[in-house]
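Visitor: I am new to reading protein structures, and I would like to learn how to look at one feature at a time. Could you take me through this one slowly?

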Amino acid sequence: RRRGTGSRACAMALRRALASCATPLAQSRASPAAFALIRGFTTGSVDAANATVPETAAPAGGTEPIASRKVSFASPSGPPPPAPKRVLVGSDGGLRMADDTTVNSGVPSLTVQQAVAAVRANAKGKFNETVDIAVRLGIDPKRSDMIVRGAVSLPHGTGKTVVVCVFAEDEFADEARAAGADIVGGQGLINEIKEKGASALKFDKAVAHPSIMPKLAQIARVLGPRGMMPNPKLGTLTTDITGAVIAMKAGRVEFRAEKNAIVHCVVGKTGFTEKQLCENVDAFMATIMDLRPRAVKGAPSATNYLKGASLSSTMGRGSHRIAKEALLKAAADGAARAKET
């Protein structure tokens, strides 16, 4: 215990001595050997401290200069590294340098016809795969006035068998059965869904007459999260029950922009011909362009609205990017074809 107390006292005395040597006046008066000895003791290497003290001649005034450790830096060898180049994104989604030299990003931009052909060629599943398109829009989905939501009737349908349910009563229920609705019901169907929940939803699309809409509030929590709640903007809450059922059966598809401003939509099956898939894509892009936010502060222009799109199948190899110019052309072709029909 005495030895430990003495060691601590000695260490504290050396720290005070070293602190006093840190002043310019003390450094000028102290000898280099003593200063290096104190420094080596604190680091635990007295010999190394003595070895670093250079032998310098004393000046005429009698004061010895203070030794300092020299640090050498290795000079770089070889030519200097090249300056970083700026990479820009073109209007077609491709990459290019600031000096207009193109960059191979590994993902070429295709036309709609080329993307459709590539999707059909890479579909290796043993079933009729679904073809899906994802379009990235230049909107702010957090703003309520920039929400892109709607429905499109594809010219050749989706290739799926759609089960349509109609909420109606009395003569409107008879009209729905005559139009070909798979499930027709009123208060009894609403009570069944209210009791069983999602397990009672044995349909894909729901259509309702305005007269029964107040009763649907009882199952809004079941239909709403699944996108089955009738909505007048989507044409599923209407007095024209026959027209709504026929549109649903013919391949009416609903879509909405997600939180990352991407819209997904089914445009057919790989068993479709290339012409049928291209026409479905054109009709979808025409509808997307019609829903572009206008007369709103910060709304994107026609050139900045479409950022890019990709086409893929259920089990195909990767996705195929479509150029921005090809999307604009597809939207124009779809609008022209819709006017002709």
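Guide: Let us begin with a single residue, keeping in mind that this is a predicted model. Proline 141 sits in the loop that runs between strand E4 (130–137) and strand E5 (149–153), and with a relative accessible area of 23% it is partly exposed.

Visitor: Which residues is proline 141 in contact with, once its neighbours within four places in sequence are left aside?

Guide: Proline 141 is then in contact with Ile147, Glu258, Lys259, Asn260 and Ala261. Take the last of these as an example of how a folded chain brings residues together: proline 141 and alanine 261 are 120 residues apart in sequence, and yet their C-alpha atoms are 5.8 Å apart in space.

Visitor: Where does alanine 261 lie, and is it buried or exposed?

Guide: Alanine 261 belongs to the loop between E9 and E10, and it is buried, with a relative accessible area of 4%. Its backbone deserves a look as well, for alanine 261 has a positive phi of about 60° although it is not a glycine. Aspartate 170 likewise has a positive phi of about 60° without being a glycine. Aspartate 170 is found in the loop between E6 and helix H6 (171–179), and at 58% relative accessibility it counts as exposed, because the cut-off for that word is over 50%.

Visitor: How should I read a nonpolar core?

Guide: The general idea is that in soluble globular proteins, nonpolar side chains tend to be buried together. Here the largest nonpolar core has 39 residues, and those touching the most other members are Ile133, Leu137, Phe284, Met285, Leu306 and Leu311. At least two residues of this core come from each of helix H5 (112–121), E4, strand E9 (252–256), strand E10 (262–269), H11, strand E11 (306–313) and helix H13 (324–340). H11 gives the most to this core, with 7 residues. Apart from it lies another core, of 17 residues, among them Ile190, Leu216, Val222 and Leu223.

Visitor: What can be said about helix H11 itself?

Guide: Helix H11 covers residues 274–290, which makes 17 residues, and from its first C-alpha to its last it reaches 24 Å, close to the 24 Å expected at 1.5 Å a residue. Of those 17 residues 13 are buried, so H11 is largely enclosed by the rest of the structure. As for methionine 285, its contacts beyond four places in sequence are Ile133, Val135, Leu306, Leu327, Ala330 and Ala331.

Visitor: How do I read the pairing of strands, for instance around E4?

Guide: One looks for bridges between two strands and asks in which sense they run. E4 pairs with E10 in the antiparallel sense over 7 bridges, and in E10 it is glycine 268 that stands opposite valine 131. E4 is also joined to E11 by 7 bridges, and these two strands run antiparallel, with leucine 306 in E11 as the bridge partner of leucine 137. Since 6 of the 8 residues of E4 are buried, this strand is largely enclosed by the rest of the structure.

Visitor: In which sense do E6 and E8 run?

Guide: E6 and E8 run parallel, joined by 4 bridges, and valine 166 has valine 207 in E8 as its bridge partner. Both faces of E8 are covered, since Lys205 and Val207 on one side and Ala206 and Ala208 on the other are all buried.

Visitor: How many aromatic pairs does a search of the whole structure find?

Guide: The search finds 2 aromatic pairs. In one of them, the rings of phenylalanine 167 and phenylalanine 203 have their centres 6.3 Å apart and their planes at 80°, so the pair is edge-to-face. This pair links distant parts of the chain, 36 residues apart, with phenylalanine 167 in strand E6 (residues 164–167) and phenylalanine 203 in the loop between helix H7 (187–196) and strand E8 (205–208). Phenylalanine 167 is buried, with a relative accessible area of 0%, and phenylalanine 203 is buried at 4%. The rings of phenylalanine 255 and phenylalanine 284 have their centres 5.3 Å apart and their planes at 80°, so this pair too is edge-to-face. It links phenylalanine 255 in strand E9 with phenylalanine 284 in helix H11, 29 residues apart, and both residues are buried.

Terms used:
Residues are numbered from 1 along each chain as its sequence is written. This is a predicted model: local features need pLDDT of at least 70, side-chain atom pairs count only at pLDDT 80 or more; totals for chains, interfaces and linings use all residues. Side-chain values use heavy atoms; hydrogens and water are left out. The expected span of a helix is 1.5 Å times one less than its number of residues. Buried means under 20% relative accessible area, exposed over 50%, partly exposed in between (1.4 Å probe, protein chains only). Contact means heavy atoms within 4.5 Å. A nonpolar core is a set of buried Ala, Val, Leu, Ile, Met, Phe, Trp, Tyr and Cys residues joined through side-chain atoms within 4.5 Å. Rings of Phe, Tyr and Trp (its six-membered ring) pair if their centres lie within 6.5 Å; planes under 30 degrees apart count as stacked, over 60 as edge-to-face and the rest as tilted. Two strands pair if DSSP finds at least two bridges between them.
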